[in-house]
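This report goes through one protein chain, beginning with an aromatic residue and its partner and then widening to the fold, the helices and the loops. The structure is shown below.

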Amino acid sequence: MDQEYENILVPMDGSKESELALGRAVAVAKRNGKAHIDVLNVIDTRAMAYNFAGMSDGSIAYQLVDKSKQYLDDVLKGVKDKENFDNIDIHIRLGNPKTIIAFDFVRDHHNDMIMMGASGLSRMQRAIMGSVTSYVKRNAPVDVLVVRTDLNNEVPADEKDAKKK
């Protein structure tokens with residue numbers, strides 16, 4: 001019996017890995033015929049506190065939300081134009097990406113699957129803040145698919161080169 005997911009969450013952070021996850025989610029949604037995709041960008045408010053030592057007047061958050069909206073609008077347009085898929089919505093949240101993705105958003109939007117990239121952070125960022133993907137895999141109440149390859153099941157060329165070094 002095949003599992004048909006109806007409401008897929010794809011967290012996106014601008015990384016190549018998150019774009020691979022969106023491509024995979026669109027393929028699954030099309031195959032299932034009626035699936036909906038929620039694309040989510042979470043602006044980490046903890047990072048704002050660290051970077052600006054708590055001296056933010058709110059305009060920084062507004063600018064980050066505006067940039068995120070532009071990015072997600074471009075992603076949405078690309079999916080609609082290139083993939084001819086329009087059962088997709090974009091969302092922006094402020095807070096801790098780990099808990100928003102693993103618990104809050106899934107609960108509020110009734111997602112039955114999360115598809116996300118293997119990692120959007122550098123090694124240093126993962127060491128300091130921890131891997132969002134690892135946290136979500138361990139704690140989310142729904143299925144989580146970690147995407148590492150493109151639709152042809154090949155690791156993107158730039159990642160192959162990085163692993164050889």
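## The aromatic pair

In this predicted model, Phe103 has a relative accessible area of 31% and is therefore partly exposed, since that value falls between the 20% limit for buried residues and the 50% limit for exposed ones. A search of the whole structure finds one aromatic pair. The ring centres of Phe103 and Tyr135 lie 6.3 Å apart with their planes at 85°, and the pair therefore counts as edge-to-face. Phe103 belongs to helix α4 (residues 97-109) and Tyr135 to helix α6 (residues 132-139), so that the pair, with its members 32 residues apart, links distant parts of the chain.

## Overall fold

The chain contains seven helices and five strands, which follow one another along the sequence in the pattern β-α-β-α-α-β-α-β-α-α-β-α. Of its 165 residues, 41% are buried. The exposed area of the chain is about 9800 Å², of which carbon and sulfur atoms supply 49%.

When contacts are restricted to residues at least 6 apart in sequence, 75% of them join residues at least 24 apart.

## Helices α6 and α1

Tyr135 is also one of the buried residues of α6, together with Val132, Thr133 and Val136. These residues cover an arc of only 165° around the axis, and for that reason they are on the same side of α6. The elements that cover the buried residues of α6 include α4, β4 and β5 (143-147). At the start of this helix, a side-chain oxygen of Ser131 comes to within 3.4 Å of the backbone nitrogen of Thr133.

Helix α1 (residues 16-32) consists of 17 residues and spans 25 Å from its first C-alpha to its last, which is close to the 24 Å expected at 1.5 Å a residue. Its buried residues are Glu17, Ser18, Leu20, Ala21, Leu22, Arg24, Ala25, Val26, Val28, Ala29 and Asn32. The helix is followed by Gly33, which has a positive phi near 85°.

## Loop residues with positive phi

Most residues other than glycine have a negative phi. Asn84, in the loop between α3 (59-83) and β3 (88-95), has instead a positive phi, near 55°. Its relative accessibility of 70% is over the 50% limit, and Asn84 therefore counts as exposed.

His110, which is found in the loop between α4 and β4 (113-117), likewise has a positive phi near 55°. With a relative accessible area of 62%, His110 is exposed.

## A buried loop residue

Is Asn111, in the loop between α4 and β4, buried or exposed? Asn111 has a relative accessible area of 4%, and because this is under the 20% limit the residue is buried. The loop that holds Asn111 lies between α4 and β4, and His110, which is exposed, is found in the loop between these elements as well.

Leaving aside residues up to four places away in sequence, Asn111 touches Asn7, Ile8, Leu9, Asp38, Phe105, Val106 and Val142. For Asn7, a polar atom of the Asn111 side chain lies 3.5 Å from the backbone oxygen.

Conventions: Residues numbered from 1 in each chain as written. Predicted model: local features only at pLDDT ≥ 70, side-chain atom pairs only at ≥ 80, totals over all residues. Heavy atoms only, no water. Phe/Tyr/Trp six-rings, centres within 6.5 Å; stacked < 30°, edge-to-face > 60°. Helix = DSSP H or I, 4+ residues; strand = E, 2+ residues; numbered from the N terminus. Buried < 20%, exposed > 50% of the residue type's maximum accessible area, 1.4 Å probe, protein only. Contact = heavy atoms within 4.5 Å. Areas by Shrake-Rupley, 256 points an atom, 1.4 Å probe, with all protein chains shown as cover. Expected span 1.5 Å × (residues − 1). Arc of directions from axis to C-beta. Polar contact = N/O pair within 3.5 Å; in protein donor to acceptor, adjacent residues only side chain to side chain.
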